[in-house]
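Biologist: I should be grateful for a close look at the salt bridges of this protein, with attention to where the participating side chains are placed. Please set them in the context of the whole chain, and add any loop residues that deserve inspection.

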Amino acid sequence: MTKIFYKIADIQAYLLQFSYKQVGFVPTMGALHAGHESLILASKKQNDLTICSIYVNPTQFNNPEDLKKYPRTLPEDIEKLEKIACDIIFIPSNEEIYPKNPSLTFNFGNLESVMEGKFRQGHFNGVATVVSKLFHIIKPNRTYFGQKDLQQTQIISLLIKDLSFGIELICCPTLREKDGLAMSSRNLRLNPQHRNIAPRIYQAMLLAQELVFSQKDINFAKKQAIDFLSQEINFVLDYFEIVDCQTLGEINEQTEEIAICVAAFLGGVRLIDNLLIKR
Ligand code: AMP
């Protein structure tokens, strides 16, 4: 039986009895899809107890319109989580998470000055704030994040290390639709025409990947991929980067894995995706 909690005190009181068990935690913002479910299933395999939180965190939205329009499908989310036997769902309110506006801020250096950090000022500060709060509330042994949000996963990895959370971070692969589009809650907001052309993001990354594989210059690969995306005028590109997967900076001799990262608007809906290439 899936249990649902809305209050911090209630979930913490319930979790006391599991203090010797392995707890896996999957933070989400709801509008759940198979990508989210894959994280829950990964946690169920490795832990005695799996907790999923559903919370649309206002402090990580730098655009009020985006926050307002973020898809909310709570009854369906609960149904999906019950179906895959997620043990606990935590659905806190804004008052519960933010009884006061946080005054502390994070600084993740270069990791937050590029890509998502550059185009969404304050985003990772909001992410790190809410994830820290959730980690303190739930105190899991393991936490599951998607490669889909690669930069977020790197930020959380640094957060866990620097603040000694003692939580194992598991990065799970990106689940895609049949046509290659990365599953995302925001896909629900695409109109049919935009949904049709959205897989071009994946195709552009594949093109860049092929060029990198065949030892072509990184800037050439980038330009070819951007040209390909730009053929479709509906895309408004924030960035298309080919970077070191660990540092998210320039590729150099030490680079073990290359990340191709994209963010683009399609009819006002912001989509992000990435592909990794082992060297
Ligand atoms: P969100 O609800 O968008 O904050 O996502 C919650 C978690 O699910 C994050 O760790 C995401 O990286 C992960 N996630 C989102 N989309 C996918 C996907 N297509 N495949 C795998 N994981 C995903």
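Modeller: The account below begins with the chain as a whole, proceeds to the salt bridges and ends with the loops.

The model is a predicted one. Its protein chain contains twelve helices and nine strands. The C-alpha trace extends over about 55 × 45 × 35 Å along the principal axes. For a chain of 279 residues, a compact globule would be expected to have a radius of gyration near 19 Å, and the value for this chain, 19 Å, agrees with that. Of these 279 residues, 53% are classed as buried. When contacts with a separation of 6 or more are considered, 72% of them join residues that lie 24 or more positions apart. The accessible surface amounts to about 14,000 Å², and carbon and sulfur atoms contribute 52% of that area.

The charges provide the setting for your request. The chain carries 30 positive and 31 negative charges, and the mean positions of the two sets lie 3 Å apart. Across the whole structure, 13 salt bridges are found. Three individual pairs and one network are described here.

The pair Glu65 and Lys69 may be taken as the starting point. Their closest N and O atoms are 3.5 Å apart, which places the two residues in a salt bridge. Both belong to helix α3, which covers residues 64–69, and because they are four residues apart they are separated by about one helical turn. Glu65 is partly exposed, since its relative accessible area is 37%. Lys69 has a relative accessibility of 43% and is therefore also partly exposed.

A pair with another setting is Arg270 with Glu116, whose side chains meet in a salt bridge with an N to O distance of 2.7 Å. Arg270 is part of strand β9 (residues 269–278) and Glu116 is part of helix α7 (residues 115–119), so this salt bridge ties together parts of the chain that are 154 residues apart in sequence. Which category of accessibility applies to Arg270, buried or exposed? With a relative accessible area of 12%, Arg270 falls under the 20% limit and is therefore buried. Glu116 has a relative accessible area of 5% and is likewise buried.

The third pair consists of Glu168 and Arg142, which form a salt bridge at 3.0 Å from N to O. This pair links distant parts of the chain, with Glu168 in strand β6 (residues 168–172) and Arg142 in strand β5 (residues 142–146), 26 residues apart. The two partners fall into separate classes of accessibility: Glu168, at a relative accessible area of 40%, is partly exposed, whereas Arg142, at 16%, is buried.

Beyond these pairs, a network of salt bridges connects Asp66, Arg120, Arg186 and Arg189.

The loops complete the picture. Asn187 is placed in the loop between β6 and α10, the latter covering residues 192–197. Its relative accessibility is 12%, and Asn187 therefore counts as buried. With neighbours within four places in sequence set aside, Asn187 has contacts with Leu181, Ala182 and Leu271.

Two loop residues are notable for their backbone angles. Most residues other than glycine have a negative phi. Lys139, however, has a positive phi near 50 degrees. This residue is located in the loop between α8 (123–138) and β5, and at a relative accessible area of 59% Lys139 is exposed. Leu248 likewise is not a glycine, yet has a positive phi of about 60 degrees. Leu248 is found in the loop between β7 (235–244) and β8 (257–266), where a relative accessibility of 2% makes Leu248 buried.

Thr247 occupies the loop between β7 and β8 as well. In contrast to the buried Leu248, Thr247 is partly exposed, with a relative accessible area of 41%. Apart from neighbours within four places in sequence, its contacts are with Asn110 and Leu111. Val26 is 221 residues away from Thr247 along the chain, and 24 Å separates the C-alpha atoms of the two.

How values were computed: Residues numbered from 1 in each chain as written. Predicted model: local features only at pLDDT ≥ 70, side-chain atom pairs only at ≥ 80, totals over all residues. Heavy atoms only, no water. Helix = DSSP H or I, 4+ residues; strand = E, 2+ residues; numbered from the N terminus. Rg over C-alpha atoms; globule rule 2.2 N^0.38 Å. Buried < 20%, exposed > 50% of the residue type's maximum accessible area, 1.4 Å probe, protein only. Contact = heavy atoms within 4.5 Å. Areas by Shrake-Rupley, 256 points an atom, 1.4 Å probe, with all protein chains shown as cover. Lys, Arg positive; Asp, Glu negative; His and termini not counted. Charge placed at Lys NZ, Arg CZ, Asp CG, Glu CD. Salt bridge = Lys/Arg side-chain N within 4 Å of Asp/Glu carboxyl O.
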